[in-house]
Amino acid sequence: MRKPKVLRKLAERNPLTRQRRNLASLEALDKRTKAMRDAQLRARFFEVLQAMRGRAAKQFLLRMLKDPRYTSMDRKRAVAIYASNYPRKALPLYRELLLIADLPAGVRAQMALELAKGRYDYNATVLRRVLANPRDSLTVRIACAKALASWPSLRSRRLLSQIVRNPNENPRLRKAAAQSLAELNEMKLKIIPRKRR
């Protein structure tokens, strides 16, 4: 029969036990720094969260992104941390969350700009869907227009030029779309090889 000390050591080495303990620590630290309402302490909390790379930190970040009780600023920071700590898993998550209109506009705009860093065609499909929706937030649509400058595709060009030519669209959105179109045209010129004389 094993002694209690041995069982305690086994439990401490168990990754699930460690994960629960880390998650509980993060929750306690989160509550304390939120209650104090000190910007420096809150920034320090996010530094701690950035330094942690285990399952507990990932679970906590996901909860922050989806929980409406967190401020827009907190969720923007969570987006940045998730993108830097889990780059492979971040983009599929942002594609899913970008379509949720209930999320704060600033958070969704940041996700759109993060999607521009990925080279998947499906990222562009999601960005185009949000950009084409006239009832969506202007901030998010502008971010999507800027992000589409990374994809030299015919569909992106077509949508951006429709927005530029539409006099009913917001001038700020039209300007962002025009800039993205200019970038895409410049990219196309670089791709075409020069003819030999």
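**Pocket lining, salt bridges and ring contacts**

Seven charged residues, two nonpolar ones and no polar ones make up the lining of the largest pocket. The model is a predicted one, and the pocket in question holds about 160 Å³ of space. Its lining consists of Glu27, Asp30, Lys31, Lys34, Phe60, Arg63, Asp67, Arg69 and Tyr70. Helix H2 (15–36) and helix H4 each put in at least two of these residues, with H2 giving the largest share, four residues.

Several of the lining residues turn up again in other contacts. Take Arg63 and Glu27, both part of the pocket lining: their side chains meet in a salt bridge, at 2.4 Å from N to O. This pair links distant parts of the chain, since Arg63 belongs to helix H4 and Glu27 to helix H2, 36 residues apart. Neither partner falls under the 20% cut-off for buried or over the 50% cut-off for exposed; Arg63, at 34% relative accessibility, therefore counts as partly exposed, and Glu27, at 26%, likewise counts as partly exposed. Lys34, another lining residue, has its charged end over the ring of Tyr70, 4.2 Å from the ring centre. Tyr70 is itself on the list of lining residues.

The salt-bridge count for the structure comes to eight. Among them is the one between Asp74 and Arg42, whose side chains meet at 2.9 Å, N to O. Here too the pair links distant parts of the chain, with Asp74 in helix H5 (residues 72–85) and Arg42 in helix H3, 32 residues apart. Asp74 has a relative accessible area of 6%, so this residue is buried; Arg42, at 7%, is buried as well. The pair also has company: Asp30, Arg42 and Asp74 are linked in a network of salt bridges. Asp30 brings the story back to the pocket, as one of the residues that line it.

Further along the chain, Asp136 forms a salt bridge with Arg108, and the closest N and O atoms are 2.9 Å apart. Asp136 sits in the loop between helix H8 (121–132) and helix H9 (138–147), while Arg108 is in helix H7 (residues 105–115), so to speak a link between distant parts of the chain, 28 residues apart. Both Asp136 and Arg108 are buried.

On the aromatic side, the structure holds four aromatic pairs. One of them joins Phe45 and Phe46 edge-to-face, with 5.3 Å centre to centre and 70° between the planes. Both of these residues are buried. Phe45 also pairs with Phe60, again edge-to-face, at 6.0 Å centre to centre and with 80° between the planes. Because Phe45 lies in helix H3 (residues 39–51) and Phe60 in helix H4 (residues 55–66), this pair ties together parts that are 15 residues apart in sequence. Phe45 and Phe60 are both buried. Taken together, Phe45, Phe46 and Phe60 form one aromatic cluster, and Phe60 appears in the pocket lining too.

One more charge-over-ring contact rounds off the picture. Lys58 lies over the face of Tyr86, at 6.0 Å from the ring centre.

Terms used: Residues numbered from 1 in each chain as written. Heavy atoms only, no water. Phe/Tyr/Trp six-rings, centres within 6.5 Å; stacked < 30°, edge-to-face > 60°. Buried < 20%, exposed > 50% of the residue type's maximum accessible area, 1.4 Å probe, protein only. Helix = DSSP H or I, 4+ residues; strand = E, 2+ residues; numbered from the N terminus. Lys NZ or Arg CZ within 6 Å of the ring centre and 35° of its normal. 1 Å grid on protein atoms, 1.4 Å probe; cavity = no way out; pocket = protein on both sides within 12 Å on 5 of 7 lines; lining within 4 Å. Points joined across faces, edges and corners; volume = space filled by probe spheres on them. Nonpolar A, V, L, I, M, F, W, Y, C, P; charged D, E, K, R; others polar. Salt bridge = Lys/Arg side-chain N within 4 Å of Asp/Glu carboxyl O.
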